[in-house]
Amino acid sequence: MSLKRKAADLASDATKKTKQNSITSFFGPPKSVAGSTSASANGKDAAAAVVSKFDKDAWVAKLSDEQKELLKLEIDTLHESWLAVLKDEVTSKEFMQLKKFLKSEIDGGKKVFPPMEDVYSWSRHTPLNTVKAVILGQDPYHNHNQAHGLCFSVRPPTPAPPSLKNMYIALKKDYPSFEAPPKNGGLLTPWADHGVLLLNTCLTVRAHEANSHSGKGWERFTQKVIDTVSSKRTNGVVFLAWGSPAQKRCQGVNSRHLVLKSVHPSPLSAHKGFFDGGHFKKANEWLTERYGDEGQIDWNLNVDPKVAGV
């Protein structure tokens with residue numbers, strides 16, 4: 001596979017994403033995706049069927065005042081394709097407790113990362129019906145100008161973290177034509193826009209305090225996201241499970257999907273087999289067998305950040 005499509009095609013795709021992912025669209029009504037399908041699926045799967053039946057306005061109208069207040073972020077910024085399948089989860093007692101905890105953090109003057117408008121950016125870059133692959137992370141980066149809602153990804157000018165640099169090395173082994181972003185960049189929105197769900201186990205963290213929001217309820221919610229992909233993306237996707245925590249998350253994944261397991265790309269473990277796992281190429285080979293060439297993931301990251309919607 002060529003990592004680079006024609007520049008005009010790439011720019012056209014990214015420009016469309018720019019319009020969809022502006023700050024205005026973050027806080028406006030998400031666009032309906034009821035009739036759309038991913039480039040990797042030749043037809044509708046269960047995800048599209050669920051979304052087509054979802055009436056967001058009617059659902060919101062039935063919420064209590066407290067629910068509307070606590071779930072404002074989900075109502076405004078969680079992509080409708082995901083809200084349609086997670087609506088029962090976000091109104092659960094456990095999730096409401098999580099939102100009360102987050103409110104107490106913010107009301108108490110705690111700095112929380114990523115910025116609130118970015119907590120669900122994974123859902124907007126990769127609507128449910130576009131998911132081809134899933135990469136699982138753990139805790140969001142906890143320093144300034146790092147976390148923006150996609151695991152392993154950082155916005156420029158923040159340099160690529162060590163684990164991401166190791167992912168680039170593995171990609172270069174799979175695809176010699178791959179070139180890491182210039183200026184040591186670490187922005188992964190092009191992957192997300194091409195169907196790679198970049199999901200952390202926890203979606204928020206207190207500034208400079210790693211794992212400070214673990215055990216508060218995000219784990220249950222993100223497991224529901226994984227289970228939803230497994231059950232609703234009936235045409236099959238690839239799960240890239242790096243490290244034992246990610247692999248535990250994938251234990252219940254339906255056999256229709258491909259789960260690729262490896263050690264984590266962290267410098268502490270990558271030398272134990274990550275570099276030679278061939279996961280990026282194996283993912284595309286499996287997707288090609290299932291969907292043809294159009295099902296492949298374009299792993300190229302050399303897209304102008306302005307064009308990519310940053």
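Helices (H or I, at least four residues) and strands (E, at least two) are DSSP runs, numbered from the N terminus. In those terms, Ser153 lies in the loop between S2 and H10.

This is a predicted model: local features need pLDDT of at least 70, side-chain atom pairs count only at pLDDT 80 or more, and totals for chains, interfaces and linings use all residues. Residues are numbered from 1 along each chain as its sequence is written, and side-chain values use heavy atoms, with hydrogens and water left out.

**Confidence and overall make-up**

The mean pLDDT (the predictor's confidence in each residue, from 0 to 100) is 87 for the protein, and 84% of its residues reach 70 or more. Over residues 4-43 the pLDDT is below 50. That stretch still has 75 contacts (heavy atoms within 4.5 Å) beyond near neighbours in sequence. Where pLDDT is low, the predicted coordinates should not be read in detail.

The protein holds 14 helices and six strands. Of its 310 residues, 55% count as buried. Buried means under 20% relative accessible area, exposed over 50%, and partly exposed in between (1.4 Å probe, protein chains only). Among contacts with a separation of 6 or more, 73% link residues 24 or more positions apart.

**Strand S2 and its partners**

S2 spans residues 133-137. Five of its five residues are buried, so the strand is largely enclosed by the rest of the structure. Ala133, Ile135 and Gly137 point one way, while Val134 and Leu136 point the other way.

Strands pair if DSSP finds at least two bridges between them. S2 pairs with S3 (residues 196-200) in the parallel sense over five bridges. Val134 stands opposite Leu197 there. S2 also pairs with S5 in the parallel sense, over three bridges. Here Ile135 has Leu240 as its bridge partner.

**Helix H10**

H10 covers residues 162-174, 13 in number. From first C-alpha to last it reaches 19 Å, close to the 18 Å expected at 1.5 Å a residue. The expected span is 1.5 Å times one less than the number of residues. Its buried residues include Leu164, Met167, Tyr168 and Leu171. An α-helix has 3.6 residues a turn, so residues three or four places apart point the same way. The buried residues of H10 pack against helix H11 (189-193), strand S5 (238-242) and helix H14 (279-291).

**Ser153 and Val51**

Ser153 is buried, with a relative accessible area of 0%. Its side chain reaches the backbone oxygen of Gly186 at 3.5 Å. Beyond neighbours within four places in sequence, Ser153 is in contact with residues including Tyr141, His148 and Leu187.

Val51 sits in helix H3 (residues 46-52). Val51 is also buried, at 5% relative accessible area. Its C-alpha is separated by 5.6 Å from that of Ser81, 30 residues apart along the chain.

**Backbone geometry**

Two cis peptide bonds and two positive phi values are listed here.

| Site | Feature | Location |
|---|---|---|
| Phe113 to Pro114 | cis, omega near -5° | Pro114: loop between S1 (112-113) and H9 (121-125) |
| Pro156 to Pro157 | cis, omega about 10° | Pro157: loop between S2 and H10 |
| Asn145 | phi near 55° | loop between S2 and H10 |
| Lys183 | phi about 60° | loop between H10 and H11 |

Neither Asn145 nor Lys183 is a glycine. Asn145 is partly exposed, with a relative accessible area of 42%. Lys183 counts as exposed at 84% relative accessibility.

Technical notes
A polar contact is a pair of N or O atoms within 3.5 Å; within protein, one must be able to donate a hydrogen and the other to accept it, and residues adjacent in sequence count only if both atoms are side-chain atoms.
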